[in-house]
Amino acid sequence: MARFDLYANPGSSRANTPYLLDVQSDFLDALTTRVVVPLIRADSFPPGKLPVDFTPSFQVGAVKCLMHPAFIASVPLKELGPSVGSLREHRDKITAALDRLLGGY
């Protein structure tokens, strides 16, 4: 498992939230959980006036998704399954969104 890897959402919300983005430091690989942020389909994203840098968008295959840091969660490793991709090339945008959430901007 690696930071910024993508996983198919194994939960009941997968129709609107198809992916989970691993944002946990690789330094903590020994833990039995990973901290993830959901990627929500852009066409089902809740309306509102959130800052664009707080909810960055990503094209994952044919699906445009928005990251929603406010829904950050911890998921047991055994529920994640194999990685289906990576957003490592967008790490600055992802980190900036997390900084907005945690007050580090």
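Student: Which residues does Phe58 touch, leaving aside those up to four places away in sequence?

Tutor: This is a predicted model, and in it Phe58 touches Leu39, Val63, Lys64, Cys65, Met67, Leu87, His90, Lys93 and Ile94.

Student: How should I read that in terms of a core, and which residues have the most contacts inside the largest one?

Tutor: In soluble globular proteins, nonpolar side chains tend to be buried together. Here the largest nonpolar core has 16 residues, and Phe58 is among those with the most contacts inside it, along with Leu6, Leu21, Leu39, Met67, Leu87 and Ile94. At least two core residues come from each of β2 (19-22), β3 (33-41), β4 (57-60), β5 (63-67) and α2 (91-102). There's also a separate second core of five residues, including Tyr7, Leu20, Val36 and Leu80.

Student: Let's look at α2. Which of its residues are buried?

Tutor: Ile94, Ala97 and Leu98. They sit on the same side of α2, because the arc they cover around the axis is only 95°. Their cover includes β2, β3, β4 and β5.

Student: What span should α2 have, going by its residue count?

Tutor: With 12 residues at 1.5 Å a residue, α2 should span 16 Å, and its end C-alpha atoms are indeed 16 Å apart, so the two agree. Just after α2, Gly103 takes a positive phi of about 80°.

Student: And Ala62: buried or exposed?

Tutor: Ala62 lies in the loop between β4 and β5. Its relative accessibility is 80%, and exposed means over 50%, so Ala62 counts as exposed. From Ala62 to Arg88 is 26 residues in sequence and 19 Å in space, C-alpha to C-alpha.

Key: Residues numbered from 1 in each chain as written. Predicted model: local features only at pLDDT ≥ 70, side-chain atom pairs only at ≥ 80, totals over all residues. Heavy atoms only, no water. Core = buried A, V, L, I, M, F, W, Y, C linked by side-chain atoms within 4.5 Å. Buried < 20%, exposed > 50% of the residue type's maximum accessible area, 1.4 Å probe, protein only. Helix = DSSP H or I, 4+ residues; strand = E, 2+ residues; numbered from the N terminus. Contact = heavy atoms within 4.5 Å. Expected span 1.5 Å × (residues − 1). Arc of directions from axis to C-beta.
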